[in-house]
Amino acid sequence: MSKSTAAPTTSRPSRNAGARRVSPGLRVFRVVNGIVLTTFALLCVIPFLNVLASSFATPGELATRSFILVPYDFTLDAYKYILATSTIFRAMGVSLFVTIVGTFVSLLLTSLMAYALSKKYLRGRRVINFLVVFTMLFSGGMIPTFIVVQSLGLIDSLWALILPVAINAFNFVIMRSFFQAIPESLEEAARIDGCSDLGTFFRIVLPLSLASIATIGLFYAVGYWNTYQNAILYINDSTKWPIQVLLRQIVIVASGVNGDASAVDVVPPAQSVKMAVIVIATLPMLLVYPFIQRYFVKGALIGSVKG
């Protein structure tokens, strides 16, 4: 009867043991990198915290303290002054309309144009692409644009804040590059199944382009929400002012500079209301951004690297 002898097992070092070791240089790099990124993040966040805290501080505290992160005396007087009239809500409604409708119109026109010009077989494609890129370097100017808007009868119309900036050349280039990266075999399969060009675009291309659509939509939404110059040029009726123009008027009246006080209805404390104005104008975009943050980097980089 033979005895089976088991071979002695020796513990062998794992192959990944060396790979898991972190060199001293890499550790130093990670520490320095963390310090630099944290410092940069604080440089971006602390000024906003100062503005937010100053909007809740009293005028006396603002006069004695040049930098505030936590107010000693918490007060809502600035926000009460701003929100004491329905004018601010009307302006918010105008900005929401311009932002929502403008973003939808811009995304629709930009995506359709980018999809068409991403096809190499389209005749005149290079000429049209050159003309679009040319507008990134040279534009008609303020006065010619005003004449065009006036001739179209858009003065004192909210469409004057949307149509002149409906397609942005930079956003168009990013979206066109994104469409060029989509495999043509998917579109060919859709055409074999009987889809038209628009059917292929809406059923195949758009669902694959959510990252790019979300990113470009954020760019457009921020631009429409912050619209200021076009509103000053094309909107004379104070009841159609967007939030940015109304808040500017509030700051002018609060600072004692000559302004249209009848459009504001209130005269708030100067320094604290300036801070509250910044918070109100920035808050909506801060609330929207977290929902599309996961699409932001992917959509911007894919469209800009490929193509």
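Helices (H or I, at least four residues) and strands (E, at least two) are DSSP runs, numbered from the N terminus. The model is predicted, and local features are taken at pLDDT of at least 70 and side-chain atom pairs at pLDDT 80 or more, while totals for chains, interfaces and linings use all residues. Residues are numbered from 1 along each chain as its sequence is written, and side-chain values use heavy atoms, with hydrogens and water left out.

**Exercise 1. Describe the overall make-up of the protein, and then locate Asp-156 and state its backbone peculiarity.**

Step 1. The protein holds 14 helices and 0 strands.

Step 2. Of its 307 residues, 36% count as buried, where buried means under 20% relative accessible area, exposed over 50%, and partly exposed in between (1.4 Å probe, protein chains only). Contact means heavy atoms within 4.5 Å, and among contacts with a separation of 6 or more, residues 24 or more positions apart account for 67%.

Step 3. Asp-156 sits in the loop between α7 (142-151) and α8 (169-180), and its phi is near 65°, a positive value in a residue other than glycine. Asp-156 counts as partly exposed because its relative accessibility is 25%.

**Exercise 2. Trace the salt-bridge network that includes Glu-187, and give the burial of each member.**

Step 1. A salt bridge is a side-chain nitrogen of Lys or Arg within 4 Å of a carboxyl oxygen of Asp or Glu, and a search of the whole structure finds 4 of them.

Step 2. One of these pairs Lys-119 with Glu-187 at 2.7 Å, N to O. The pair links distant parts of the chain, since Lys-119 lies in the loop between α5 and α6 and Glu-187 in helix α9 (residues 184-192), 68 residues apart. Both ends are buried, Lys-119 with a relative accessible area of 10% and Glu-187 with 3%.

Step 3. Glu-187 also forms a salt bridge with Arg-191, the closest N and O atoms being 3.5 Å apart. Because Arg-191 and Glu-187 are 4 residues apart in helix α9, about one helical turn separates them.

Step 4. The side chain of Arg-191 in turn meets that of Asp-197 in a salt bridge of 3.6 Å, N to O. Arg-191 is partly exposed at 32% relative accessible area, and Asp-197 likewise counts as partly exposed, at 48%. Salt bridges that share partners therefore join Lys-119, Glu-187, Arg-191 and Asp-197 into one network.

**Exercise 3. Follow the polar contacts of Thr-99 and Thr-103, and list what each residue touches.**

Step 1. Thr-99 is found in helix α5 (residues 87-117), and Thr-103 is placed in helix α5 as well.

Step 2. A polar contact is a pair of N or O atoms within 3.5 Å; within protein, one must be able to donate a hydrogen and the other to accept it, and residues adjacent in sequence count only if both atoms are side-chain atoms. The side chain of Thr-99 reaches the backbone oxygen of Ser-95 at 2.7 Å, and the side chain of Thr-103 reaches the backbone oxygen of Thr-99 at 2.5 Å.

Step 3. Thr-99 is buried, with a relative accessible area of 8%, and Thr-103 is buried, with 11%.

Step 4. Not counting residues up to four places away in sequence, Thr-99 touches Ala-221, Tyr-224 and Trp-225, while on that basis Thr-103 touches Val-98, Gly-217, Tyr-220, Ala-221 and Tyr-224.**Exercise 4. Analyse the nonpolar surface patch and the surroundings of Met-136.**

Step 1. Patches are made of residues with over 30% relative accessible area and no salt bridge, like charges being joined within 9 Å and nonpolar side chains (Val, Leu, Ile, Met, Phe, Trp, Tyr) within 5 Å. Accessible areas come from the Shrake-Rupley method with a 1.4 Å probe, and for residues, only the protein chains shown count as cover.

Step 2. The nonpolar patch covers about 1,100 Å², and its members include Met-136, Phe-170 and Phe-219. Helix α6 (residues 125-137) gives the most to this patch, with 8 residues.

Step 3. Met-136 lies in helix α6 and counts as partly exposed at 39% relative accessibility. Met-136 and Phe-170 are 34 residues apart in sequence and 7.2 Å apart in space, C-alpha to C-alpha. Not counting residues up to four places away in sequence, Met-136 touches Ala-169, Phe-170 and Val-173.

Step 4. Phe-219 is found in helix α11 (residues 210-225) and counts as partly exposed, with a relative accessibility of 30%.
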